[in-house]
Amino acid sequence: MSKTKTKATLTRKDFVSDQDVRWCPGCGDYSILAQTQKVFPDLGIPKEKFVFISGIGCSSRFPYYMNSYGFHTIHGRAPAIASGVKLANRDLSVWVITGDGDALSIGGNHFIHLLRRNLDINIVLFNNEIYGLTKGQYSPTSELGKVTKSTPFGSLDRPFNPPALALGASASFVARSVDVFGKHLQQMIRRSYEHEGTSFLEVYQNCLIFNDESFKSLTDKETRGDHALFLEHEEPMVFGNEGDRGIRLDGFTPQVVTLGKDFSKDDLVVHDESDKNLAVILARFTHDDRFPQPIGVFYESREPTYEDLLENQINKARETLGEGDLEQLIRGSDTWEVE
Ligand SMILES: Cc1ncc(C[n+]2csc(CCOP(=O)(O)OP(=O)(O)O)c2C)c(N)n1
Ligand code: SF4
């Protein structure tokens, strides 16, 4: 679809549906919904061009609350349905809303194949590191040793690292934000929309009922500086409450250094969103206490979309073979009549 802005004067209210929101009071999902409703009018495309497609989970109730087209579908299968919607109508801006359980447990297969196909679809993964809707079982992003009702002695599974998984599946856009980082989240939603190809946005989301304060070190103002690394394209990687620390590369090995006597900003690695090796290194900071958690765009590259490739293939086949005949195709050249 064309991503050039048309003059559509919409406001936040145009995207608020008449449905009662049924998330627990204080759930991080509210903030993600609010930021989406704030940023969508600015995207400048008519409301009827948006469609939200979700699987199953608390987060997957999202389409009810957006006043747009939407489809609350089957557990883990939103990517398949979204692919069909996009291929049937390329002019739609298609958004997949999913949770860590929906996308990475039952939907793991569909998730990776959507990424490698690179349809122009936006995936927003609400990562609360737990199954919320089914009342608190561990999920594929729960930390090792997580004690839940389904893992009373602690989980034995190493967690998935969503940005690393997405990069491994050839994602052409990988970003992360946090439910309560309002402006940042809006910026990441906009960047996801602008990207041509499948965008993957992981949003750390607090489930205050079953996994409260999972991202406290990032959301607490006092500790945020030391735990969040805000990625800015072409800027050195500086962090710390006093802006006094940074990331340096020793070959391929990242190091946290303190700025001052031994190191200056010139020694730090400069972020480059087009550098996949760097994105992989940054993705590996996930769950590693030695490093701050990267927030922002890890990686973006412009690659052909599946729908462009498909259209070219069909056009070429038409040019060389002419219009097809469905009846003939179904009957084939090898059919029998049973008498
Ligand atoms: C086929 C099938 N298997 C299992 C379930 C039960 N189930 C519903 S939602 C869910 C996981 C939800 O977790 P997540 O995707 O992280 O979303 P959240 O509720 O945390 O937003 C599970 C296992 C189901 N509805 N259908
Ligand atoms: S159970 Fe957790 S994720 Fe689900 S609505 Fe409540 S707070 Fe949100």
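Here is a quick tour of the ligand site and three residues in this predicted model.

**The ligand site**

Let's start with ligand 1. Ligand 1 sits in the second largest pocket. There are 16 residues around ligand 1, and C58, S59, G101, D102 and G132 come nearest. If you look for the element that gives the most to this shell, go to helix α4, residues 100-106, which supplies four residues.

Several side chains place a polar atom by an oxygen atom of the ligand, including those in this table.

| Side chain | Partner | Distance |
|---|---|---|
| S59 | oxygen atom of ligand 1 | 2.8 Å |
| N128 | oxygen atom of ligand 1 | 2.9 Å |
| D100 | oxygen atom of ligand 1 | 3.3 Å |

On its own, ligand 1 has 590 Å² of accessible area, and the protein covers 73% of that. S59 turns up twice here: S59 is among the residues that come nearest to the ligand, and its side chain has an N or O atom 2.8 Å from a ligand oxygen.

**N127, in a strand**

Now step along to N127, which is part of strand β4, residues 121-127. Is N127 buried or exposed? N127 has a relative accessibility of 1%, so it counts as buried. Its side chain reaches the backbone nitrogen of E129 at 3.1 Å. Setting aside neighbours within four places in sequence, N127 is in contact with D100, T141, P162, E202, V203, Y204, Q205 and F215. D100 is one to notice in that list: a polar atom of the D100 side chain also lies 3.3 Å from an oxygen of ligand 1.

**T73, in a loop**

T73 belongs to the loop between β2 (69-72) and α3 (78-88). Being in a loop doesn't put T73 out in the open here: T73 counts as buried because its relative accessibility is 11%, and the cut-off for buried is under 20%. Which backbone atom lies 2.6 Å from a polar atom of the T73 side chain? That would be the backbone oxygen of S54. S54 also shows up among the residues T73 touches, along with I53, G55, I56, A78 and I81, if you don't count residues up to four places away in sequence.

**N315, in a helix**

Last stop is N315, which you'll find in helix α11, residues 306-321. N315 has a relative accessible area of 33%, so it is partly exposed. If you want a reference point, try L115: N315 and L115 are 200 residues apart along the chain, and their C-alpha atoms are separated by 24 Å.

Conventions: Residues are numbered from 1 along each chain as its sequence is written. Chains are lettered from A and ligands numbered from 1 in the order in which they are written. This is a predicted model: local features need pLDDT of at least 70, side-chain atom pairs count only at pLDDT 80 or more; totals for chains, interfaces and linings use all residues. Side-chain values use heavy atoms; hydrogens and water are left out. Helices (H or I, at least four residues) and strands (E, at least two) are DSSP runs, numbered from the N terminus. Buried means under 20% relative accessible area, exposed over 50%, partly exposed in between (1.4 Å probe, protein chains only). A polar contact is a pair of N or O atoms within 3.5 Å; within protein, one must be able to donate a hydrogen and the other to accept it, and residues adjacent in sequence count only if both atoms are side-chain atoms. Contact means heavy atoms within 4.5 Å. A residue is near a molecule or strand if one of its heavy atoms lies within 4 Å of it. Accessible areas come from the Shrake-Rupley method with a 1.4 Å probe; for residues, only the protein chains shown count as cover. On a 1 Å grid over the protein atoms alone, a cavity is a set of points where a 1.4 Å probe fits but cannot get out, and a pocket is an open set with protein on both sides within 12 Å along at least five of seven lines; lining residues have an atom within 4 Å of a point. A molecule sits in a cavity or pocket if more than half of its atoms lie within 2 Å of its grid points.
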